[in-house]
Each structure stands twice: as C-alpha cells, then as structure tokens.
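I opened my notebook today to look up a few things in a structure, one at a time. Come along and check each entry against the picture.

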Amino acid sequence: MSELPPCPECQSSYVYEDGGLLICPECAHEWAKDASEVAGDAATVRDSNGTELKDGDTISVIKDLKVKGSSSVVKVGTKVKNIRLVDGDHDIDCKIPGIGQMGLKSEFVKKVAE
C-alpha cells in the first residue's frame with residue numbers, strides 16, 4: 001500500500017484517494033496528488049493563443065468588449081501597454097486609453113510582440 005501525505009490543512013493522517021484527488025475526511029479539504037502541478041497552473045496566465053503573459057507586457061484586444069455600467073466599448077485591436085496580472089475573476093489589470101482603469105480576462109486578449 002502506498003503512503004499518502006497528511007492533509008496540508010489539518011495534518012490528518014486519514015487521507016484517502018479518489019480519482020486524481022486526495023481528500024481529507026476530517027476537514028473536507030481536497031487537493032491534487034501532484035500539488036506542484038496545480039501550483040504551476042494557477043501562477044501561469046495565458047492569452048487566447050496560449051502565449052504566457054507577464055507583468056509589463058503589451059496586449060491587444062481580440063473582440064469588442066462592452067464596458068459594464070457604461071455605453072463605452074473597447075474596440076478590437078486596442079493596444080494596452082504595461083499590464084499587471086492579478087488573481088480573481090479577471091486576470092489582467094490595466095489602463096485603457098480613452099476609458100481608464102479596467103480588469104480584463106486573458107481569453108479576450110493576445111500578446112503583442114514588442
């Protein structure tokens with residue numbers, strides 16, 4: 001029988017395996033067998049083409065985006081410089097010319113070669 005690691009939340013030794021997950025019955029915490037694989041996915045933000053994005057990159061919008069609470073629209077091809085990556089429902093914080101501070105999802109942008 002293989003030795004399973006203790007729960008990272010409560011250090012319980014009663015961890016069991018369910019498919020690709022390890023589960024703690026005491027605190028109900030679930031995590032992947034290979035925790036390094038999950039951590040790598042969370043830290044990487046990719047654009048619509050699969051290119052990795054980093055802080056300070058320049059991006060281009062690939063679809064007209066309506067601005068919530070306003071009649072403004074971010075047009076296709078709008079270039080945004082010096083982005084900042086964040087956690088949350090929107091991956092990118094940036095300042096769009098003519099509109100101002102905004103949060104964008106990485107699926108609607110592509111990286112521009114500088």
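My entries below cover a sheet, three residues and a pocket.

**Before I start**

I am working with a predicted model, so I keep that in mind on every page.

**Entry 1: the sheet**

I looked up how the strands are arranged, and I found three of them in an open sheet, in the order E10-E11-E12, with antiparallel pairing. Which strands stand at the edges? They are E10 (84-85) and E12 (100-104); each has a single partner strand, so one side of each is left without a neighbour in the sheet.

Next I went through the pairs. E10 and E11 run antiparallel and are joined by two bridges. I noted that Leu85 has Ile92 in E11 as its bridge partner. The link between E10 and E11 is a hairpin with six residues between the strands, and Gly88 in its turn has a positive phi of about 130°.

On the other side, E11 (residues 92-96) pairs with E12 over five bridges, again in the antiparallel sense. Here I could follow two partners along the strand: Asp93 stands opposite Gly103, and Cys94 stands opposite Met102. The hairpin of E11 and E12 has three residues between the strands, and Gly98 takes a positive phi near 85° there.

**Entry 2: the two faces of E11**

Which residues of E11 are on its covered face, and which on its uncovered one? I wrote down Ile92, Cys94 and Ile96 as covered, and Asp93 and Lys95 as uncovered. This fits a rule I was glad to remember: in a regular strand the side chains alternate between the two faces of the sheet.

**Entry 3: Ser60**

I moved on to Ser60, which lies in strand E6. Is Ser60 buried or exposed? Its relative accessible area is 7%, so Ser60 is buried, as the cut-off is under 20%. Leaving out residues up to four places away in sequence, Ser60 touches Gly77, Thr78, Lys79, Phe108, Val109, Lys110 and Val112.

**Entry 4: Thr58**

Thr58 sits in the loop between strand E5 (52-53) and strand E6 (59-61). With a relative accessible area of 11%, Thr58 is buried. I listed its contacts beyond four places in sequence as Val80, Lys81, Lys110, Lys111, Val112 and Glu114.

**Entry 5: Thr51**

Thr51 is in the loop between strand E4 (45-46) and E5. I found a relative accessible area of 35% for Thr51, which makes this residue partly exposed. Apart from neighbours within four places in sequence, Thr51 is in contact with Val45, Arg46 and Lys111. I also looked up Lys110: this residue and Thr51 are 59 residues apart along the chain, yet their C-alpha atoms are separated by 7.8 Å.

**Entry 6: the largest pocket**

Last, I went looking for empty space. Rolling a probe the size of a water molecule over the atoms shows where empty space is left. The largest pocket holds about 250 Å³. Which elements give two or more residues to its lining? They are strand E7 (65-66) and E12, and E12 gives the largest share, three residues.

I noted some of the lining residues, including Lys63, Leu65, His90, Met102, Gly103 and Phe108. Met102 and Gly103 were already in my notes as the residues opposite Cys94 and Asp93. Sorted by class, the lining has five nonpolar, two polar and four charged residues.

How values were computed:
Residues are numbered from 1 along each chain as its sequence is written. This is a predicted model: local features need pLDDT of at least 70, side-chain atom pairs count only at pLDDT 80 or more; totals for chains, interfaces and linings use all residues. Side-chain values use heavy atoms; hydrogens and water are left out. Two strands pair if DSSP finds at least two bridges between them. Helices (H or I, at least four residues) and strands (E, at least two) are DSSP runs, numbered from the N terminus. Buried means under 20% relative accessible area, exposed over 50%, partly exposed in between (1.4 Å probe, protein chains only). Contact means heavy atoms within 4.5 Å. On a 1 Å grid over the protein atoms alone, a cavity is a set of points where a 1.4 Å probe fits but cannot get out, and a pocket is an open set with protein on both sides within 12 Å along at least five of seven lines; lining residues have an atom within 4 Å of a point. Grid points are joined across faces, edges and corners, and a volume is the space filled by probe spheres set on the points. Ala, Val, Leu, Ile, Met, Phe, Trp, Tyr, Cys and Pro count as nonpolar, Asp, Glu, Lys and Arg as charged, and the others, Gly among them, as polar.
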